[in-house]
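Here is a short tour of one structure, written for someone who likes to know which cut-offs stand behind each term. Take a look at the sequence and the model, and then read on.

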Amino acid sequence: MIKEVKFIKSSPDTKSCPEGNEPEYAFVGRSNVGKSSLINYLTGNKKLAKTSGTPGVTKLINHFMVDDLWYLVDLPGYGYAKIAKSVRSKFDKLIKDYLLQRKTLVCLFQLIDCRHEPQRNDLDFITWLGQNGVPFVLCFTKTDKLSSNELQKSLKTYKNVLLKQWESLPKIFITSTTSNRGKEEILTFIEETNKLLKTGSSK
Ligand code: GDP
C-alpha cells in the first residue's frame with residue numbers, strides 16, 4: 001500500500017513536466033468516468049485529485065510523487081462532448097503529445113465506465129494507443145453499480161469489440177471506489193512493474 005503521496009506540479013504541456021527518471025503511471029478517461037475518485041482511492045487521500053461533475057475542469061497534467069519511487073499522473077479527460085470542438089482538440093493534443101513524448105511513462109491506465117456500451121471515442125483512443133505503441137491497461141470503473149451478471153456481460157461485450165481489432169486483450173482491472181475493489185491489484189501491478197524495471201536497468 002501507499003505510504004506517502006506528494007503533489008509535485010501541474011503542467012500545461014509535456015516539456016513543463018518534472019525532470020528525473022522516476023517511472024510514471026498515468027490515468028486517463030472521459031469526463032465523469034471516476035478518475036479522480038479512483039486516484040483518491042488508490043492513494044488513500046480523499047482530496048488529492050479533485051472530483052467534479054463539471055467537464056473540462058482538469059486541463060493540466062498533474063504529477064504526484066508516490067513513496068519517493070514513482071509518479072502517479074492525472075491527465076485531463078479526453079473527448080468531452082459538451083465543450084467546444086476547438087477546446088476539445090486542444091485537450092486531446094495535450095494528452096497525445098504527453099503520451100508520445102514522455103520518456104518515463106511506463107503505463108497508461110485507461111478508465112472505462114463499466115455501465116456503458118463501448119463508446120466510439122474510447123475505442124478510437126484505444127486504437128490510437130495501439131497504433132502509437134503506448135503501453136496501456138484498461139480499468140473498468142464503478143463496478144458496484146452493476147450486478148455481477150451484468151458486469152460479466154458488459155466486460156464480455158467490451159472484450160469482443162476489442163478482439164475484432166486486437167489479437168490479444170490488454171490487462172484489465174475491475175474497480176469500485178465505493179465497494180473497495182481493485183486497489184490491491186493495481187498497486188501490486190505497479191509495484192511488480194517497478195521491480196522489473198529496476199532489475200532490467202541494473203543489468
Ligand atoms: P472524473 O470526472 O473522471 O474525475 O470522475 P469523478 O471521480 O469526479 O466521479 C464522477 C462521479 O462518479 C462522482 O459522482 C463519483 O462519486 C462517482 N463515482 C466515481 N467512482 C465511483 C464508484 O466506484 N462507484 C460509484 N457508485 N460511484 C462512483
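Fourteen is the place to begin: of the 14 residues around the ligand, S36, S37, D144, T177 and T178 come nearest, where near means that a heavy atom of the residue lies within 4 Å of the molecule. Please keep in mind that this is a predicted model, in which local features need pLDDT of at least 70 and side-chain atom pairs count only at pLDDT 80 or more, while totals for chains, interfaces and linings use all residues. Residues are numbered from 1 along each chain as its sequence is written, and side-chain values use heavy atoms, with hydrogens and water left out.

The shell around the ligand divides into one nonpolar, nine polar and four charged residues. In this division Ala, Val, Leu, Ile, Met, Phe, Trp, Tyr, Cys and Pro count as nonpolar, Asp, Glu, Lys and Arg as charged, and the others, Gly among them, as polar. The table gives three distances between polar protein atoms and the ligand.

| Protein atom | Ligand atom | Distance |
|---|---|---|
| K142, polar side-chain atom | oxygen | 3.1 Å |
| T177, polar backbone atom | oxygen | 2.8 Å |
| T178, polar side-chain atom | nitrogen | 2.6 Å |

On its own the ligand has 580 Å² of accessible area, and the protein covers 75% of this; the areas come from the Shrake-Rupley method with a 1.4 Å probe, and for residues only the protein chains shown count as cover.

Next comes helix α1, which spans residues 35–43 and includes K35. Helices (H or I, at least four residues) and strands (E, at least two) are DSSP runs, numbered from the N terminus. Is K35 buried or exposed? K35 counts as buried because its relative accessibility is 8%, with buried meaning under 20% relative accessible area, exposed over 50% and partly exposed in between (1.4 Å probe, protein chains only). The side chain of K35 makes a polar contact with the side chain of D74 at 2.5 Å. A polar contact is a pair of N or O atoms within 3.5 Å; within protein, one must be able to donate a hydrogen and the other to accept it, and residues adjacent in sequence count only if both atoms are side-chain atoms. Beyond its neighbours within four places in sequence, K35 is in contact (heavy atoms within 4.5 Å) with F27, V28, G29, D74, L75 and L111.

The helix as a whole follows suit: eight of the nine residues of α1 are buried, so α1 is largely enclosed by the rest of the structure. The cover over these buried residues includes β1 (5–11), β2 (24–28), β4 (70–74), β5 (105–113), β6 (136–141) and α5 (183–201). After α1 comes G44, with a positive phi near 70 degrees.

Now for the nonpolar interior. In soluble globular proteins, nonpolar side chains tend to be buried together. Here the largest nonpolar core has 31 residues, and L75, Y98, L99, L108, F125 and L129 have the most contacts inside it. Such a core is a set of buried Ala, Val, Leu, Ile, Met, Phe, Trp, Tyr and Cys residues joined through side-chain atoms within 4.5 Å. At least two residues each come from β2, β3 (61–66), β4, α2 (85–101), β5, α3 (120–131), β6 and α4 (148–163), and α3 gives the most, with five. Not counting neighbours within four places in sequence, the contacts of L108 include L75, L99, F125 and L129. A second, separate core of 26 residues includes W70, L111, C139 and F173.

Strand β2 also holds Y25, which is buried because its relative accessible area is 0%. Leaving out residues up to four places away in sequence, Y25 touches W70, V106, I190 and L197, among others.

Some loop residues complete the picture. N21, between β1 and β2, counts as exposed at 72% relative accessibility. T104, in the loop between α2 and β5, is buried at 17% and touches residues including N21 and P23. Two residues other than glycine have positive phi: N32, at about 75 degrees, and N180, near 50 degrees. N32 sits in the loop between β2 and α1 and is exposed at 53%, while N180 sits between β7 (172–174) and α5 and is exposed at 58%.
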